[in-house]
Amino acid sequence: MKYENYEMLTFERAGRVLRVSIDNPPRNTMVGALHHDLHRAFVEINRDEETSVVVLTGKGEAFCGGIDIPALARRLEQPQDFSLIASAPELLHALIDLRQPIIARLNGDAIGVGATIALYCDIIIAADHAVIADPHVRTGLVAGDGGALLWPLVIGFARAKEYLLTGNPISAPDAAAMGLINRAVPADQLDEAVDALVTQIAEGPPMAVRLTKQAVNMLLKQWAVPYATAHIGLETFSKAHADHKEAVFALRDNRPPKFTGR
């Protein structure tokens, strides 16, 4: 299968391994075109009989830097468009339904929706300088695009609430220690670690590997699918509040925010 006409993704094939790289420099931030590309890619890969394992990574120094604050501020100065956030469940469902195992290669920071995408992958191996964070609350938003669903399942409710309510970042070694990701390795060993795991999975019995992933993801889907739309609704509701606009403008202007509760 050929992967053509993608604006912010690049594809490389090595045997039955497909490497997908997010390419929106400098921080690989999430914009509408990238969201569309990812959703389309996961749907197409699911039909790709030539691919046994997928590696998802970022070009440059970041995996995915979340939402671009200056761009978000510009949109807030215009009539609001909720289409990107409203389509978030479609992207996550396509990722959960992907038949092939997908390995997140965190070459750098995974922030906000970038962290969500990484956590919805099957296995995460990160360079030890990478940082994982879901700072929705710092922009006056609910972590409704998947973070509030997945973090409690992975690291428990109490620990998830600490990081979701503060937006505090977690270093890759600390994330590995608490079970948020699988492994943190020195940056110069990242490819070796990812390649060894990918080779082992790719050389395994394809049907057993795919059906084992499907069995595990039945539990994830039982949790995620019924609540995804409701969580998006909560995030959309928070997006309409004045505190969201104040948080974004304060981040843009590098000043403390003044929240009013409106």
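## Exercises on a predicted structure

E50 is partly exposed, with a relative accessible area of 41%. The model in which this residue is examined is a predicted one.

**Exercise 1. Determine which residue meets E50 in a salt bridge, and explain why the pair ties together parts that are apart in sequence.**

Solution. Step one is to find the partner: the side chain of E50 meets that of R13, with an N to O distance of 4.0 Å. Step two is to place both residues. E50 lies in the loop between α1 (32–45) and β3 (53–58), whereas R13 belongs to strand β1 (residues 9–14), so the salt bridge ties together parts that are 37 residues apart in sequence. Step three concerns accessibility. R13 has a relative accessibility of 33% and counts as partly exposed, and E50, at 41%, is partly exposed as well. The pair belongs to a structure in which a search finds twelve salt bridges.

**Exercise 2. State which residue forms a salt bridge with K221, and where the two residues lie.**

Solution. The partner of K221 is D97, and their side chains meet at 2.9 Å, N to O. K221 is part of helix α10 (residues 206–239) and D97 is part of the loop between α4 (88–96) and β5 (102–106); the pair therefore ties together parts that are 124 residues apart in sequence. For accessibility, take each residue in turn: K221 is partly exposed at 34%, and D97 is partly exposed at 35%.

**Exercise 3. Decide whether E246 is buried or exposed, and name the residues linked with it in a network of salt bridges.**

Solution. The value for E246 is a relative accessibility of 17%. Buried means under 20%, so E246 counts as buried. Next, consider a direct partner: R255 forms a salt bridge with E246, and the closest N and O atoms are 2.7 Å apart. R255 itself is partly exposed, at 32% relative accessibility. Finally, the network links E246 with R252, D253 and R255.

**Exercise 4. Give the order of the strands in the open sheet of six strands, and identify its edge strands.**

Solution. The order is β1-β2-β3-β5-β7-β10, and the pairing is mixed. The edge strands are β1 and β10 (183–185), each of which pairs on one side only. On average, neighbouring strands of this sheet are turned by 20 degrees against each other, direction ignored.

The pairings can then be followed from strand to strand. β3 and β5 run parallel and are joined by three bridges; here L56 has A104 in β5 as its bridge partner. β5 and β7 also run parallel, joined by four bridges, with L106 standing opposite A126 in β7. Strand β7 (residues 123–127) in turn pairs with β10 in the parallel sense over three bridges, where A126 stands opposite A184 in β10.

**Exercise 5. Establish which residues of β5 are buried on each of its faces, and which helices lie across β5.**

Solution. In a regular strand, side chains alternate between the two faces of the sheet. The residues of β5 are therefore listed face by face: I102, A104 and L106 are on one side and I103 and R105 are on the other, all of them buried. This agrees with the count for the strand, five of five residues buried.

Helices lying across the strand are considered next. α1 lies across β1, β2 (17–22), β3 and β5, running at about 30 degrees to β1. Helix α9 (residues 190–202) lies across β2, β3, β5, β7 and β10, at about 160 degrees to β7. Helix α4 is also mostly covered, with seven of its nine residues buried; among them are L91, L92 and L95.

**Exercise 6. Find which element supplies the largest share of the lining of the second largest pocket.**

Solution. Begin with the space itself: this pocket holds about 510 Å³. Of the 21 residues that line the pocket, the closest to its centre are C121, D122, V216, N217 and L220. Now compare the elements. α5 (113–120), β7, α6 (147–155) and α10 each supply at least two residues of the lining, and the largest share, seven residues, comes from α10.

A further residue of helix α10 is M207. M207 is exposed, with a relative accessible area of 58%. M207 and Q100 are 107 residues apart in sequence, while their C-alpha atoms are 9.9 Å apart in space.

Notes
Residues numbered from 1 in each chain as written. Predicted model: local features only at pLDDT ≥ 70, side-chain atom pairs only at ≥ 80, totals over all residues. Heavy atoms only, no water. Buried < 20%, exposed > 50% of the residue type's maximum accessible area, 1.4 Å probe, protein only. Pairing = 2+ DSSP bridges. Axes fitted to C-alpha atoms, helices over the stretch in contact; angles between N-to-C directions. Contact = heavy atoms within 4.5 Å. 1 Å grid on protein atoms, 1.4 Å probe; cavity = no way out; pocket = protein on both sides within 12 Å on 5 of 7 lines; lining within 4 Å. Points joined across faces, edges and corners; volume = space filled by probe spheres on them.
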